[in-house]
Amino acid sequence: MRKRHKEKLKRKQRRIKNRVTIRTLFLLIITLIFNTYAWFTYFNTISANMTAHVDKWHVQFKVDDEIVEREFPIAIEHAYPGMPDVEKMVTIINDGEKDADIDYAIKSVRIFDSVFVASDQKGTGDTIPEGATILHSSEIERKIENEYPFSLSLATENNNNTLTAEDEVVLKITFNWLYESGDDEKDTSYGTTAYDFYQANPGKQAIELVVKIIVKQHEETTTPVIP
């Protein structure tokens with residue numbers, strides 16, 4: 001009788017323990033779902049009252065039969081769905097006597113813990129960070145455009161890439177992450193990645209990139225005269 005009573009008591013204790021474990025897991029899952037939803041809702045709510053952050057630069061170039069390059073680091077402090085646009089304005093002034101053509105390329109970019117370096121923009125003496133992925137600058141641009149829920153655009157006013165002598169043009173660099181980009185899976189995946197990154201790296205910039213501006217003398221095209 002005593003042995004049977006002990007076995008019955010043990011079975012009862014196991015049932016209670018199983019119920020507690022299941023209940024604990026259920027509460028943990030509910031808590032995680034709630035926190036994730038609250039995180040997205042929080043940023044979506046505060047972003048409605050924020051305006052775009054704009055930085056302005058003033059740059060001068062002289063082009064006399066040579067190519068001039070200038071590099072600019074850009075840092076996105078916080079990246080999350082629904083964030084206000086981050087804009088960088090670069091004023092390019094041609095104070096030479098000849099027209100100039102403007103081009104630009106992404107030299108390198110770090111997105112959270114992933115680093116990409118442009119093979120065609122690497123300069124003498126540049127070091128490549130350990131673990132970086134080497135790609136052509138055009139491949140990096142396509143990667144950002146197609147594989148991430150946020151966007152990065154570089155464009156001059158009226159898409160005019162030819163700058164006449166003694167004139168100026170503004171190059172606008174814009175980073176944007178809509179609250180609903182149209183791809184829920186990407187939004188959720190990279191939203192979680194952003195959250196985990198901030199938890200593991202407090203105070204570290206979310207995204208860092210280096211943009212290279214290339215200015216060279218404009219090549220005039222002449223139309224042959226037909227007699």
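This note goes through the fold, the central strand, the voids and a few individual residues of a predicted model.

1. Overall make-up. The chain holds three helices and 10 strands, and, read from the N terminus, these elements follow one another in the order α-β-β-β-β-β-β-α-β-β-β-α-β. Of the 227 residues in the chain, 33% are buried. The exposed surface of the chain comes to about 15300 Å², with carbon and sulfur atoms supplying 52% of that area.

2. Contacts along the sequence. When contacts in the chain with a separation of 6 or more are considered, 75% of them are accounted for by residues 24 or more positions apart. One pair that is far apart along the chain is Phe-72 and Val-211, which are 139 residues apart and yet have C-alpha atoms separated by 5.3 Å. Phe-72 belongs to strand β2, which covers residues 68–76, and this residue counts as buried because its relative accessibility is 12%, where the cut-off for burial is under 20%.

3. Strand β4 and its surroundings. Strand β4 spans residues 100–111, and 10 of its 12 residues are buried, so the strand is largely enclosed by the rest of the structure. Which strands does β4 pair with, and how many bridges join it to β10? Its partners include β10, to which 11 bridges join it in an antiparallel arrangement, as well as β5, to which it is joined by four bridges, also antiparallel. A further antiparallel pairing, made by two bridges, links β4 to strand β8 at residues 162–163.

4. Register of these pairings. Asp-101 is a useful reference position in β4, since it has Thr-162 as its bridge partner in β8 and stands opposite Lys-216 in β10. Further along the strand, Ser-108 stands opposite Val-117 in β5. As a general point for reading such positions, the side chains of a regular strand alternate between the two faces of the sheet.

5. The β4–β5 turn. Strands β4 and β5 form a hairpin that leaves two residues between them, and Phe-112 in this turn has a positive phi of about 55°. Phe-112 is not a glycine, and this deserves a remark because most residues other than glycine have a negative phi. Is Phe-112 buried or exposed? With a relative accessible area of 3%, Phe-112 is buried, although its place is in the loop between β4 and β5.

6. A second positive phi. Glu-166 is likewise a residue other than glycine with a positive phi, here near 55°, and it lies in the loop between β8 and β9, the latter being residues 167–176. Whereas Phe-112 is buried at 3%, Glu-166 counts as exposed because its relative accessibility is 68%, the cut-off for exposure being over 50%. A reader checking backbone geometry may therefore wish to keep in mind that most residues other than glycine have a negative phi.

7. The largest pocket. This pocket has a volume of about 240 Å³ and a lining of 15 residues, among which Ser-108, Val-117, Thr-127, Pro-129 and Val-210 lie nearest its centre. The elements that contribute two or more residues to the lining are β4, β5 at residues 114–118 and β10 at residues 207–217, and the largest share, four residues, comes from β4. By class, the lining is made up of seven nonpolar, two polar and six charged residues. The pair Ser-108 and Val-117, which stand opposite each other across β4 and β5, are thus both among the residues nearest the centre of the pocket.

8. The cavity. The structure holds one cavity of 30 Å³ or more, and the largest cavity has a volume of about 50 Å³. Its lining consists of Val-109, Ile-111, Ile-144, Phe-150, Leu-152, Phe-175, Ile-207 and Leu-209, which by class gives eight nonpolar, no polar and no charged residues. Strands β4 and β10 each supply at least two residues of this lining, and these two strands are joined to each other by 11 bridges. The lining of the pocket, by contrast, includes six charged residues, while that of the cavity has no charged residues.

Notes. Residues numbered from 1 in each chain as written. Predicted model: local features only at pLDDT ≥ 70, side-chain atom pairs only at ≥ 80, totals over all residues. Heavy atoms only, no water. Buried < 20%, exposed > 50% of the residue type's maximum accessible area, 1.4 Å probe, protein only. Contact = heavy atoms within 4.5 Å. Areas by Shrake-Rupley, 256 points an atom, 1.4 Å probe, with all protein chains shown as cover. 1 Å grid on protein atoms, 1.4 Å probe; cavity = no way out; pocket = protein on both sides within 12 Å on 5 of 7 lines; lining within 4 Å. Points joined across faces, edges and corners; volume = space filled by probe spheres on them. Nonpolar A, V, L, I, M, F, W, Y, C, P; charged D, E, K, R; others polar. Pairing = 2+ DSSP bridges.
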